[in-house]
Amino acid sequence: MKNTFDSTKIIQFQRLCAAARTIAVVSHTNPDGDAIGSGLALSGFLQNLGHDVRFFVPNRFPKFLDFIPGSERVEVYNEACDAVRAYISSADLIICADFNRIERLDKLSTAVEENIVAPRVLIDHHLNPAEFELAFSDTDSSSTAQLVYELILAWAGVEAIIPEIALPLYVGMTTDTGNFSYGNLTPELYRAVAVLVERGVRPIEVSQAVFNTQSENRLRMVGYLLSEKMRVHAPIHTAYITLTRAEKTRFDHQIGDTEGIVNMPLSIDIVSFSAMFIETLDCIKLSFRSKGTFDVDQFARRYFDGGGHRNAAGGRYYGPMSEAVARFEQAMAETHPED
Ligand code: 5GP
Ligand code: MN
């Protein structure tokens with residue numbers, strides 16, 4: 001039995017919250033369903049206890065998350081830099097949700113680093129967490145949302161899981177596991193899901209809102225990428241897809257449109273490692289996924305200044321797409337994913 005939420009740590013966390021006049025919850029760049037879901041649930045819970053708490057992310061989250069009641073509470077740093085920076089740099093407590101090191105906040109990390117007095121609390125499931133004053137870190141957890149669920153339960157019991165908190169928690173769990181199809185699908189996760197459904201979550205409605213609301217352009221882009229851009233290296237069980245800025249424009253790309261595409265090649269029987277290269281204004285953003293034992297966290301850290309989990313990680317390359325692909329090919333020649 002894990003002691004992530006033993007009573008000593010809960011009491012320490014309660015004390016830190018009680019001593020804080022203002023609390024900032026922050027989550028990572030390119031926020032996904034788990035970043036937004038866990039951050040909304042945690043900040044909502046603390047707000048319900050009477051704390052002055054605000055929730056920040058570095059940049060805008062995908063539109064499909066707008067359906068979560070309370071999503072309007074998420075404050076986006078690059079849309080209100082000064083106000084966000086002022087609050088965070090003078091907050092009495094900073095809670096970091098769904099990421100393992102401050103650099104994952106990109107430009108928002110300056111605001112956090114400016115604040116040299118506030119204790120920092122981590123609640124996260126990524127590998128290799130940095131040092132924090134207090135850490136609720138469990139790399140075997142499906143999602144940060146599952147950790148927030150367990151934290152709330154240990155602190156305040158099931159009554160605190162009101163519908164406005166149950167829904168974002170469920171969104172975090174369902175998005176980080178690809179609708180419960182990969183990741184750490186443990187009995188604890190399904191027990192949590194059972195409670196969330198008892199507390200008012202309607203799974204079919206969430207599934208519709210999260211997985212069935214893409215635009216026609218996005219679906220056509222997926223078709224194009226799979227048909228024209230996916231390369232499969234059968235002998236090394238590897239597939240990769242590249243997406244340029246020109247192609248994004250062609251398909252009227254919106255934030256969140258590339259989400260999930262990197263997983264698709266893994267549905268090919270012989271593919272156990274999949275990569276996606278996405279050209280952005282300042283770098284090539286890489287996403288890696290594997291099935292089985294190939295460790296993409298290690299791969300991302302070794303070759304692309306990134307990291308993540310064993311079966312899902314990301315990184316970046318500063319240079320043209322052709323060079324990023326060449327580096328990848330070279331890295332693959334050194335590494336052999338198993339099937
Ligand atoms: P995605 O491919 O969806 O962007 O990211 C997959 C996983 O890897 C996520 O858990 C994400 O937090 C992590 N990740 C993505 N990019 C980076 C990165 O540049 N550095 C680190 N350390 N983790 C990353
Ligand atoms: Mn997560």
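Let me start with Phe273 and Phe328, which are both buried in this predicted model. As for how their rings sit against each other, the centres are 5.9 Å apart and the planes stand at 40°, so this pair is called tilted, given that an angle has to be over 60 degrees to count as edge-to-face and under 30 to count as stacked. If you look along the chain, Phe273 belongs to strand 9, residues 273-279, while Phe328 belongs to helix 12, residues 321-334, so the pair ties together parts that are 55 residues apart in sequence.

These two residues also belong to a cluster linked by ring pairs, and its other members are Tyr240, Phe277, Phe288, Phe294, Phe299, Tyr303, Phe304 and Tyr317.

Now let us step back to the whole structure, where a search finds 23 aromatic pairs. One of them is formed by Phe13 and Trp155, and here the ring centres are 5.6 Å apart with the planes at 90°, so we describe the pair as edge-to-face. What does this pair link? It joins distant parts of the chain, since Phe13 is in helix 1, residues 7-19, and Trp155 is in helix 5, residues 144-156, with the two positions 142 residues apart. Phe13 and Trp155 are, in addition, both buried.

Finally, there are contacts between a charge and a ring, and I would like to show you two. Arg60 lies over the face of Phe61, at 4.9 Å from the ring centre, and Arg250 lies over the face of Tyr224, where the distance to the ring centre is 4.6 Å.

Methods
Residues numbered from 1 in each chain as written. Chains lettered and ligands numbered in written order. Predicted model: local features only at pLDDT ≥ 70, side-chain atom pairs only at ≥ 80, totals over all residues. Heavy atoms only, no water. Phe/Tyr/Trp six-rings, centres within 6.5 Å; stacked < 30°, edge-to-face > 60°. Helix = DSSP H or I, 4+ residues; strand = E, 2+ residues; numbered from the N terminus. Buried < 20%, exposed > 50% of the residue type's maximum accessible area, 1.4 Å probe, protein only. Lys NZ or Arg CZ within 6 Å of the ring centre and 35° of its normal.
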